[in-house]
Structures are given as structure tokens and as C-alpha cells.
Amino acid sequence: MWTPVESPYLVPYDGSFEVAKSPTAPPTSERGRKSDQKGDNRRDKKADKRSLAELVEKLDDLQRALWADDRIAPLCIFQAMDAGGKDGTIRAVFTGVDPAGVDVHYFKQPSPEELDHDFLWRTTRLLPSRGRIGVFNRSYYEEVLVVRVHPELLERQRLPWPPSDERLWEERFASIRDHELHLARNGVPVLKFWLNVSREEQRRRFLARLD
């Protein structure tokens, strides 16, 4: 159905991925490793900005092709810890793409209307139409992350029967897998991006926000 592109950042499907062993910083160039001089770092950042601009331009061209073909609607899901860089990444990558071809949605605390539906409803109703790129800042994955460690959020969902803990999460995992398979079969490939930052970097960013 869909073949993922080769990438050093692609999580393997064999279950070997371990969060604790995954990098929390981008790879350093040879020049960066050999020298810590301020000038070198500055030149690396300029090269990164040029590369980003080129990739954004390519993404804009691809979106126009998607629009003309009117068959596929890629969905990009961004997940990270607080201060993980989701907002900045989405802004940097998609600002240069035609806004008429991109739908960005942020998911925070569910509204009363959303709580009156199943946990997939609020994201399903905002899926991109064919030819457009959908971007989710957080997603239905919060329903097996945040909700899992804050039982009071689960109580607000007023489920029709008292669920047993392990059975509930297994059923939600199954629902998510079935949902994404259904989307892929119907021209909505799901691209998931997890931005990994260290606890120390998260702390630094929180303090920077306070300042």
C-alpha cells in the first residue's frame, strides 16, 4: 500500500526501538565536531537555514502536484513533550507552503461537545480533504498517553461501562491501528513525527519562556 522512504530517523518495525537510547539532538557535522568556534556554529546554522528553505520549496511543489492529482491527502502528526518544539517545527516547515493547501489543527483539552463523542471523533472530523496536507499538533495519541496517567480525564469521557485498565488501553490501541489502516486504504497516509528532547533541554526551554 505505502512504502516508507529510507531514513536514519525511521523507527524500525521490528520492536527494537528504545526511547532511552534514541538521540535527543540533531547530528553534528564533521566541522562542528572538530571545532567549537562561534564562527563555525554560525555557518552551520546558515547552511541549515538554506537547506530548510530548499526543502520547504520542494514541499510546496509537491503540494501543488497533490492538489492537481486530487487523490491523496497526507496527514502529518506531531507529538512531543511540552516544549519539545512542535509549534516551531510546524511553523518552520509549513509556513512556506501555500496556506490554501495545508490544514493545521491543535488539540488540547477536549470540549464538552468532543467529550460527547468517541475519542477519535474530534480528530476524524478534521482530516484533510484530497489534495491538501493535514497537520495535527498532538492527536488521538493523547488518549493513550495523557489520559492514561490522569484518570480524572477518563472519568469526564463518561464511557458507557466501567472499563478495566489494561483492556481499555488495548482496545484503544486496536482502534488507532484500525483507524490508521482505514485512512491509508483511502488515500490518507499517516506520517508520524516524534520530536525527542532531553529533560535538560526541556528545562532550559521552560526557563527561557519564563525569562
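Here is a friendly conversation about ring pairs, salt bridges and a pocket in this structure.

Colleague: What should I know before we start?

Modeller: This is a predicted model, in which local features need pLDDT of at least 70 and side-chain atom pairs count only at pLDDT 80 or more, while totals for chains, interfaces and linings use all residues. Residues are numbered from 1 along each chain as its sequence is written, and side-chain values use heavy atoms, with hydrogens and water left out.

Colleague: Why is the pair of F17 and W194 called edge-to-face?

Modeller: Rings of Phe, Tyr and Trp (its six-membered ring) pair if their centres lie within 6.5 Å; planes under 30 degrees apart are stacked, over 60 edge-to-face, and the rest tilted. By this rule there are five aromatic pairs. In one of them, F17 and W194 are 6.1 Å apart centre to centre with 90° between the planes, so the pair meets the distance limit and its angle is over 60.

Colleague: What makes F17 and W194 a link between separate parts of the chain?

Modeller: F17 lies in the segment before α1 (30-34) and W194 in strand β4 (residues 190-195), so the pair ties together parts 177 residues apart in sequence. Helices (H or I, at least four residues) and strands (E, at least two) are DSSP runs, numbered from the N terminus.

Colleague: How do you know whether F17 is buried or exposed?

Modeller: Buried means under 20% relative accessible area, exposed over 50%, and partly exposed in between (1.4 Å probe, protein chains only). F17 has 33%, so it is partly exposed, and W194, at 40%, is partly exposed as well.

Colleague: Why is the pair of Y140 and Y141 called tilted?

Modeller: Their centres are 5.0 Å apart and the planes make 45°, an angle that is neither under 30 nor over 60, so the word is tilted. Both Y140 and Y141 are buried. Elsewhere, ring pairs link F78, F94 and F193 into a cluster.

Colleague: What makes D103 and R132 a salt bridge?

Modeller: The term needs a side-chain nitrogen of Lys or Arg within 4 Å of a carboxyl oxygen of Asp or Glu. D103 and R132 meet at 2.6 Å, N to O, so they qualify. The structure holds 15 salt bridges. D103 lies in strand β2 (residues 102-106) and R132 in the loop between α5 (121-124) and β3 (133-137), so this pair ties together parts 29 residues apart in sequence. D103 is buried at 18%, and R132 is buried at 17%.

Colleague: How do you know that R122 and E114 form a salt bridge?

Modeller: Their closest N and O atoms are 3.4 Å apart, so the distance is within 4 Å. R122 is buried at 8% relative accessibility, and E114 is buried at 14%. A network of salt bridges links D82, R138 and E142.

Colleague: Why is the charge of R172 said to sit over the ring of F119?

Modeller: The rule asks for NZ of Lys or CZ of Arg within 6 Å of the ring centre and within 35 degrees of the ring normal. The charged end of R172 sits over the F119 ring, 4.6 Å from its centre, so the distance is within 6 Å. R172 also forms a salt bridge with E143, the closest N and O atoms being 3.1 Å apart.

Colleague: Which residue classes line the second largest pocket?

Modeller: Its lining has nine nonpolar (Ala, Val, Leu, Ile, Met, Phe, Trp, Tyr, Cys and Pro), nine charged (Asp, Glu, Lys and Arg) and four polar residues (the others, Gly among them). The largest share of that lining, five residues, comes from α8.
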